[in-house]
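Thanks for sharing this one. Here are a few friendly notes to read alongside the model.

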Amino acid sequence: MQASERDRGPSISEVGELTEVGELTEDGPALRDAMTAAQRAADDEAAANSAREMLRMGTIQALEPDDAIGPHLADGELVHALRARAILKAPGEDRALGYGGTLYLTSRRLVHLGQVMVTV
């Protein structure tokens with residue numbers, strides 16, 4: 001008995017053509033999660049390349065400081081980027097999950113605000 005078109009899984013050639021996350025639902029959440037992570041990594045790499053190019057040209061935009069970082073900025077210090085939900089963990093630290101918070105790139109330093117404040 002032959003399986004109907006609707007019941008069969010994607011062929012090898014069709015799998016190669018699928019690029020959208022979630023289209024390969026028959027392969028389960030592990031593949032879908034791996035594809036999502038790979039896409040996130042590719043997006044991060046593209047953003048990093050763009051930021052490096054802006055730095056080479058000497059043009060990096062400043063963001064409006066939010067209420068969390070504002071009180072911690074020195075006179076003339078600008079916020080250039082932030083990463084919400086950043087996890088910091090010191091090497092050799094026993095705390096398994098690290099410390100959650102927001103990471104700010106300013107014109108003078110890196111500042112992590114959250115469970116603990118870390119400035120570099």
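1. Leu-88 makes a good starting point: setting aside neighbours within four places in sequence, Leu-88 is in contact with Gly-98, Tyr-99, His-112 and Val-118. Contact here means heavy atoms within 4.5 Å.

2. A word on the basis: this is a predicted model, where local features need pLDDT of at least 70, side-chain atom pairs count only at pLDDT 80 or more, and totals for chains, interfaces and linings use all residues. Residues are numbered from 1 along each chain as its sequence is written, and side-chain values use heavy atoms, with hydrogens and water left out.

3. Leu-88 belongs to strand 1, residues 79-88. Strands (E, at least two residues) and helices (H or I, at least four) are DSSP runs, numbered from the N terminus. The relative accessible area of Leu-88 is 27%, so this residue counts as partly exposed (buried is under 20%, exposed over 50%, partly exposed in between, with a 1.4 Å probe and protein chains only).

4. Leu-88 and Gln-115 are 27 residues apart along the chain, and their C-alpha atoms are separated by 10.0 Å.

5. The chain has 2 helices and 4 strands, in the order α-α-β-β-β-β from the N terminus. Of its 120 residues, 14% count as buried.

6. Helix 2 covers residues 28-57. Its 30 residues reach 44 Å from first C-alpha to last, close to the 44 Å expected at 1.5 Å a residue (1.5 Å times one less than the number of residues). Just after helix 2, Gly-58 takes a positive phi of about 80°.
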